[in-house]
Amino acid sequence: MTDIARAAGCSQATVSFVLNNSPGIRLSQQTRDRVIEAARSLGYSPPVFSALRPAVTPFEGLDGVIGFAVDQLATSPEAVVAIEGARQASWNAGNVLLVAQTMGDAVMEPRAIQALTRRGISALIYMTIFTREITAPDFLYGLDIPVILLNCYTADYAFPAVVPSEIAGGQSATRHLIGHGHRRIATITGEPWMQAAQDRLKGYRRALATADIPFDPELVVEGDWSASAGYAATVKLLALKDRPTAIFCQNDRTAIGCYEALKEAGLHIPQDISVVGYDDEEIARHLFPPLTTSILPHLAMGQWAIEQLETPLTPGHGRYPITKLECPLVERESVGKVPAQSR
């Protein structure tokens, strides 16, 4: 998928969604065609799965078992972090966590959930790797156990749900730069069809508006969450007649490319230009200088999901609010005051 993403000029996540024909994802036909053509040109073809599957053999004897179903585990670390949060909270209460990857497949997902329920799970956490509104599959409504949605939600509020507070996170990151005197602040977004990219951009715009800084569309460059896109976007921003004094990269991988472009241009961080990331991936603290970024609260979200099970929930009944958890800013050394020559 990495090879195809590079050839198609998109993210690995987009490749995964196209090749798996994931439901509920709004992608242009042009993007889909580009990914498929790139896959074909590289000699790849969709995997063929056998219609014959081994029968599921239930086992007995476990008490306090919680199921965790997630559409994708391999594209980013967030799912693993959320699972770890749920595991910590589960083990603290003496419960066991069983995990299934479903790929959002219309045929295999219900079979995976059924396999979990046959093992006597007392509750189900249902997670999507990308934050979004979903149309919950019918089988979720039919379960006779509590269901918690993690990183997704439904329009009918039928299940307790938790998501990151992305708008507030984008606002906090931008406000941090404003607090250091920056007014010419650029941002490199993720792919615009993703809700996280939309909400982080909303937060950026709100912070500017609150500080009476006019929004300049020239300072917003679309990326695809990758380091290469961060590099290309930064080169574009540096070519502006009035270049920015700070750049808000909407994820840490984008910031890696941004760092490379700035250093190639002979600029120093943060003396010449400040940079903020998002996600707080492990690499953020090892960049030079260490990257100021925001924490995606997936660990806390996994813990929150387990904690909800302490309150009796009636499956399929009631309306539940969407809980939004804060994306705290981690201040490191990549942000400084506006250079004197830029004031």
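Two residues are in contact when heavy atoms of theirs lie within 4.5 Å. Keep that in mind as you look at this protein chain, which is a predicted model. Of its contacts with a separation of 6 or more, 73% are between residues 24 or more positions apart.

**The whole chain**

Let's start with the overall picture. The secondary structure adds up to eleven helices and twelve strands. The C-alpha atoms fill a box of roughly 70 × 50 × 35 Å along the principal axes. A compact globule of 343 residues would have a radius of gyration near 20 Å, and the 22 Å of this chain agrees with that. Buried residues account for 52% of the 343. On the outside, about 16600 Å² is exposed, with carbon and sulfur atoms supplying 53% of it.

**The six-stranded sheet**

Now find the open sheet with six strands, in the order β2-β1-β3-β4-β5-β11 and with parallel pairing. Its edge strands are β2 (96-101) and β11 (322-325), each of which pairs on one side only. From one strand to the next, the twist averages 20°.

Strand β3 (residues 121-133) is a good one to look at. Eleven of its 13 residues are buried, so the rest of the structure largely encloses it. On one hand, β3 pairs in the parallel sense with β1 (residues 65-70) over six bridges, and Val 65 stands opposite Ile 121 there. On the other hand, six bridges join β3 to β4 (residues 147-153), again running parallel; here Ile 125 has Ile 148 as its bridge partner. Strand β1 also pairs with β2, in the parallel sense and over six bridges. Val 65 turns up once more in that pairing, with Val 96 in β2 as its bridge partner.

**The four-stranded sheet**

There is another open sheet, made of four strands in the order β7-β6-β8-β9, and its pairing is parallel too. Here the edges are β7 (220-222) and β9 (274-276), and each pairs on one side only. Neighbouring strands are turned by 15° against each other on average, ignoring direction. Strand β8 (residues 246-249) is joined to β9 by three bridges, and the two run parallel. Within that pair, Ala 246 stands opposite Ser 274 in β9.

**Helices against the sheets**

Both sheets have helices lying against them. The table shows which strands each helix touches or lies across, along with its angle to one of them.

| Helix | Strands | Angle |
|---|---|---|
| α7 (residues 166-179) | β6 (185-189), β8 and β9 | about 165° with β8 |
| α9 (residues 227-238) | β6, β7 and β8 | about 150° with β6 |
| α4 (residues 78-92) | β1, β2, β3 and β4 | about 150° with β3 |
| α5 (residues 108-118) | β1, β2 and β3 | about 150° to β3 |

**A pair of helices**

Helices can also pack on each other. Two packed helices are described by the angle between their axes and the distance between the axes. Take α2 (residues 12-19) and α3 (residues 29-41): they pack at an angle of about 90°, and their axes are 10 Å apart. Angles of 65 to 115 degrees count as roughly perpendicular, so that is how α2 and α3 sit relative to each other.

Which residues of α2 meet α3? They are Thr 14, Val 15, Val 18 and Leu 19, and across from them in α3 are Thr 31, Arg 32, Val 35, Ile 36 and Ala 39.

Note on methods
Residues are numbered from 1 along each chain as its sequence is written. This is a predicted model: local features need pLDDT of at least 70, side-chain atom pairs count only at pLDDT 80 or more; totals for chains, interfaces and linings use all residues. Side-chain values use heavy atoms; hydrogens and water are left out. Two strands pair if DSSP finds at least two bridges between them. Axes are lines fitted to C-alpha atoms, for helices over the stretch in contact, and angles run from 0 to 180 degrees between N-to-C directions. The radius of gyration is taken over C-alpha atoms; the globule rule is 2.2 Å times the number of residues to the power 0.38. Buried means under 20% relative accessible area, exposed over 50%, partly exposed in between (1.4 Å probe, protein chains only). Accessible areas come from the Shrake-Rupley method with a 1.4 Å probe; for residues, only the protein chains shown count as cover. Angles under 35 degrees count as roughly parallel, over 145 as roughly antiparallel, 65 to 115 as roughly perpendicular and the rest as oblique.
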